[in-house]
Amino acid sequence: MSNRYVTKLELGVAAVLVLIGAFFIFQASFIRPVPGDPIGPKVLPMFLAIAILCGGVLIALHTLFRKGRHSDEDVELASGYGFKESNIGLIFAVIGCGICYVVTFWAFGYFVATFVSVILIMLTFGNRKLWLILTIALGVAIVYQFVFMGLMGLFDPAGEVVDLRRFTNWISGAQ
């Protein structure tokens with residue numbers, strides 16, 4: 001593993017973090033404030049987005065000020081670092097699961113998106129026992145629905161294609 005590879009990888013990670021942070025800042029800017037709420041729902045997402053962006057900037061600055069010089073120990077510690085020895089197919093499959101979650105969330109809502117995504121992740125990582133996949137996915141979806149919508153009282157948006165909240169409200173205790 002060379003100094004050059006480690007430097008490129010660190011700058012690549014920094015660039016991705018800056019892009020993700022900028023995207024989340026853009027998305028958080030659309031959150032409407034709540035009248036009379038001194039903090040509002042925008043503060044935490046904006047803080048996290050700015051933190052991600054700043055983390056990327058710090059990684060880039062650290063790498064650039066070091067000018068790509070890594071000690072032999074750094075380079076040796078970095079063996080297996082990055083993508084050279086990674087299963088790229090698996091990485092793209094997990095990214096695809098995330099994309100599927102977003103699309104399914106938009107179309108059918110939180111419960112179905114969670115259920116489908118757990119199934120896809122389990123298949124991606126090699127589980128082939130259908131009964132186990134369906135049982136775990138249903139259990140996870142029910143627990144998440146109860147915790148996030150029931151106990152935490154988060155808003156459960158309707159799916160744009162099918163609104164299944166009338167079926168999932170009994171899990172969270174919503175009326």
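Here is a short chat about a predicted model.

Trainee: Hi! Which residues form the nonpolar patch on the surface?

Mentor: Hi! The patch is made up of Val16, Ile20, Phe23, Phe24, Phe26 and Phe30. Together these residues have about 580 Å² of accessible area.

Trainee: And where does Ile20 lie?

Mentor: Ile20 is in helix H1, which covers residues 3–28.

Trainee: Is Ile20 buried, partly exposed or exposed?

Mentor: Ile20 counts as partly exposed, because its relative accessibility is 34%, and partly exposed runs between the 20% and 50% limits.

Trainee: Switching to helices: at what angle do the axes of H4 and H5 cross?

Mentor: Roughly 165°, and the axes come within 8 Å. Helix H4 spans residues 88–108 and helix H5 spans residues 110–124.

Trainee: So are H4 and H5 roughly parallel or roughly antiparallel?

Mentor: H4 and H5 are roughly antiparallel to each other, because angles over 145 degrees count that way.

Trainee: Is the crossing left-handed or right-handed?

Mentor: H4 passes H5 in a right-handed crossing.

Trainee: New topic, then. How many salt bridges does the structure hold?

Mentor: Just 1 salt bridge. The side chains of Asp163 and Arg165 meet there, at 3.0 Å from N to O.

Trainee: Why can side chains of opposite charge pair?

Mentor: They can do so when their charged atoms come close.

Trainee: What about Asp163, buried or partly exposed?

Mentor: Asp163 is partly exposed, because its relative accessibility is 32%.

Trainee: And what is the relative accessible area of Arg165?

Mentor: For Arg165 the value is 27%, so Arg165 is partly exposed.

How values were computed. Residues are numbered from 1 along each chain as its sequence is written. This is a predicted model: local features need pLDDT of at least 70, side-chain atom pairs count only at pLDDT 80 or more; totals for chains, interfaces and linings use all residues. Side-chain values use heavy atoms; hydrogens and water are left out. Patches are made of residues with over 30% relative accessible area and no salt bridge: like charges are joined within 9 Å, nonpolar side chains (Val, Leu, Ile, Met, Phe, Trp, Tyr) within 5 Å. Accessible areas come from the Shrake-Rupley method with a 1.4 Å probe; for residues, only the protein chains shown count as cover. A salt bridge is a side-chain nitrogen of Lys or Arg within 4 Å of a carboxyl oxygen of Asp or Glu. Helices (H or I, at least four residues) and strands (E, at least two) are DSSP runs, numbered from the N terminus. Buried means under 20% relative accessible area, exposed over 50%, partly exposed in between (1.4 Å probe, protein chains only). Axes are lines fitted to C-alpha atoms, for helices over the stretch in contact, and angles run from 0 to 180 degrees between N-to-C directions. Angles under 35 degrees count as roughly parallel, over 145 as roughly antiparallel, 65 to 115 as roughly perpendicular and the rest as oblique. A crossing is left-handed if the near helix is turned anticlockwise from the far one by less than a right angle, and right-handed if clockwise.
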